[in-house]
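Reader: I should be grateful for a close look at one part of this structure. Please describe the surroundings of a chosen residue and then follow its contacts outward.

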Amino acid sequence: MNALDYAILALYFVTVLGVGFMARRAIRNSTDFFLSGRSLPAWVTGLAFVAANLGALEIIGMAANGAQYGMMTLHYYWIGAVPAMVFLGIVMMPFYYGSKVRSVPEYLRLRFNRPTHLFNALSFALAQVLIAGVNLYALALVMQALLGWPLWLSIVVGAAIVLAYITVGGLTSAIYNEVLQFFVILAGLIPITVIGLVKVGGVDGLFDAVRASDLGEAGLHTWADTGSSANPLGANWIGLVFGLGFVLSFGYWTTNFAEVQRALSARNMSAARRTPIIAAYPKLLIPVVTVIPGLIALITVQGLGAESGALQYNNAIPLLMRDLLPNGVLGVAVTGLLASFMAGMAANVSGFNTVFTYDIWQSYVRRDRDDDYYLRVGRIATIGGVVVGIGTAFIAAGFSNIMNYIQTLFSLFNAPLFATFIFGMFWKRMTAWAGFWSLLAGTVGSLATYLLYLADVLKFDSDLEESFWGAGVAFVLVAIVAAVLTPFGAAKRDDDLRGLVYGLGGVDLKGDVLAGDAAWYRSPLLLGGIALALSGLLYLLVL
């Protein structure tokens with residue numbers, strides 16, 4: 001990088017911090033800090049929803065997957081994201097938004113009991129600081145590869161910038177920065193894809209080179225050879241459809257508060273429901289700037305940065321940037337990558353500070369204090385979450401493909417939570433203690449599967465296949481424990497479950513409709529149906 005590149009990067013950092021200080025003026029109470037006062041339009045929350053996911057998992061992780069698994073990585077988008085995002089908007093957001101809960105764990109307190117609430121709040125807080133560490137580590141990789149900074153310095157600098165604008169401006173600052181970051185990220189990734197394709201002779205040249213690589217022809221297909229596990233991903237169609245497409249996907253997109261929080265900040269029910277569906281449309285096309293560059297890196301970067309031994313898949317994007325981009329464009333690309341990691345980390349930290357303040361501190365440590373007190377706690381929690389994230393960044397450094405690490409975390413934390421949610425939301429007879437013990441059993445079952453895999457007791461063809469099956473084990477255990485325990489307890493009264501369980505009413509979809517919300521082209525059902533149809537059509541191109 002030269003002076004021009006550094007100037008572009010500095011301008012971006014100044015802009016991000018400026019947004020944070022401007023957002024501060026809108027913060028009058030804790031609801032403004034944690035949920036943006038529930039005042040944002042759907043297009044803002046929709047772009048923030050997808051940008052919050054465009055962190056290390058998406059950019060570094062999916063490019064690494066593209067290099068390691070080829071086109072089978074597309075499953076993480078077209079079956080592993082879009083259906084769940086549509087389901088969240090159409091089915092689950094009415095319960096979240098209509099019940100006026102401030103977080104996902106708070107829904108569990110209303111539906112089940114306080115032990116279930118506390119267990120989920122603690123596990124969510126742990127998951128968020130672990131995932132925040134992934135984003136910090138990925139940011140450090142880029143700084144190390146392109147700026148020459150040592151790993152520890154890169155981690156501290158990146159954490160300090162995110163800490164500054166979240167502490168000052170709260171969720172509003174995070175969301176408006178995420179909208180900005182969405183466009184900056186694309187401005188950084190599109191040149192990598194275009195210049196890379198030109199270098200390898202276009203799409204045809206890329207496909208020919210992949211066929212000649214270790215991936216072979218199998219690297220260019222999504223469903224081929226999934227009748228067995230003899231494919232690059234090492235997973236059969238059952239694991240893909242049930243483990244990834246249902247449990248992991250729905251578990252992440254429908255119960256991950258770092259994402260759901262963006263929809264809860266929408267100005268009314270219609271905007272909240274459209275938030276994840278609007279986000280599904282760019283999600284369909286993001287593979288063009290993640291998976292394709294991963295394949296380009298595989299065939300153009302010798303060893304992916306490893307002088308010997310296993311390929312370092314995490315290096316795919318940083319090394320492509322180093323090798324392909326001229327100065328000026330390089331500055332935009334580096335800024336885009338740093339923006340993506342900051343967006344991902346900001347989502348984790350804003351989710352963490354909300355759950356810590358509302359669901360742990362206010363509920364179990366210091367009740368009935370004034371609103372200014374909880375606002376201060378939220379800012380302190382932000383600092384604590386970032387500091388712990390710095391520590392967990394070094395855990396992520398131990399994985400050659402951070403996507404494998406992330407999916408393990410999802411199978412441990414999100415999969416059992418989703419199963420508990422889905423049964424509790426659609427089965428009114430399920431008792432409070434059945435909810436607690438089933439959530440605990442699912443978490444323990446997924447953890448046991450992972451530990452037995454590490455001990456070489458259980459055999460899987462890849463780390464990702466283990467995460468698919470770990471998620472499946474969690475879901476089945478939740479179902480079994482809930483079914484066994486529910487007959488031995490008393491169900492809550494219908495009046496206590498109204499607005500929380502499907503079929504009991506209590507959810508008003510139109511009471512806060514604004515002018516224009518009723519237009520046919522803004523129907524969540526129509527928008528969701530089109531997104532699902534497009535997902536299926538795209539699959540036809542790479543069967």
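Author: The account below begins with one helix residue and then moves to its partners and to other helices. The model is a predicted one.

Thr254 is part of helix α11, which covers residues 237-255. With a relative accessibility of 0%, Thr254 falls under the 20% cut-off and therefore counts as buried. Its side chain reaches the backbone oxygen of Phe250 at 2.4 Å. When residues up to four places away in sequence are set aside, Thr254 touches Ala84, Phe87, Leu88, Met92, Tyr96, Val260 and Phe418.

One of these partners, Met92, merits separate attention. Met92 belongs to helix α6, formed by residues 82-98. The relative accessible area of Met92 is 0%, so this residue is buried. Beyond four places in sequence, the residues touched by Met92 are Phe87, Thr254, Phe421 and Met425. Phe87 thus appears among the contacts of Thr254 and also among those of Met92. A further pairing concerns Ile422: 330 residues separate Met92 and Ile422 along the chain, while their C-alpha atoms are 9.4 Å apart.

The nonpolar core provides a wider setting. The largest such core has 177 residues, and those with the most contacts inside it are Met93, Tyr96, Tyr107, Ile317, Met321, Phe421 and Phe468. Helix α8, spanning residues 114-146, gives the most to this core, with 17 residues. Two names in that group have already been met: Tyr96 is touched by Thr254, and Phe421 is touched by Met92. Met93, another of the group, is in contact with Leu88, Gly98, Val260, Ala263, Leu264, Met269, Ala272 and Arg273, leaving aside neighbours within four places in sequence. Of these, Leu88 and Val260 are also touched by Thr254.

The contacts of Met93 include Met269, Ala272 and Arg273, and helix α13 comprises residues 269-285. A kink of about 35° lies in α13 at Thr275, shortly before the proline Pro276. Because 14 of its 17 residues are buried, α13 is largely enclosed by the rest of the structure.

Helix α3 may be set beside α13. Residues 42-53 make up α3, whose 12 residues reach 17 Å from the first C-alpha to the last, close to the expected 16 Å. Since 11 of those 12 residues are buried, α3 is likewise largely enclosed by the rest of the structure. The buried residues of α3 include Val44, Leu47, Phe49 and Val50, as well as Thr45 and Asn53.

Definitions and conventions: Residues are numbered from 1 along each chain as its sequence is written. This is a predicted model: local features need pLDDT of at least 70, side-chain atom pairs count only at pLDDT 80 or more; totals for chains, interfaces and linings use all residues. Side-chain values use heavy atoms; hydrogens and water are left out. Helices (H or I, at least four residues) and strands (E, at least two) are DSSP runs, numbered from the N terminus. The expected span of a helix is 1.5 Å times one less than its number of residues. Buried means under 20% relative accessible area, exposed over 50%, partly exposed in between (1.4 Å probe, protein chains only). A polar contact is a pair of N or O atoms within 3.5 Å; within protein, one must be able to donate a hydrogen and the other to accept it, and residues adjacent in sequence count only if both atoms are side-chain atoms. Contact means heavy atoms within 4.5 Å. A nonpolar core is a set of buried Ala, Val, Leu, Ile, Met, Phe, Trp, Tyr and Cys residues joined through side-chain atoms within 4.5 Å. The bend at a residue is the angle between axes fitted to the seven residues ending there and the seven starting there.
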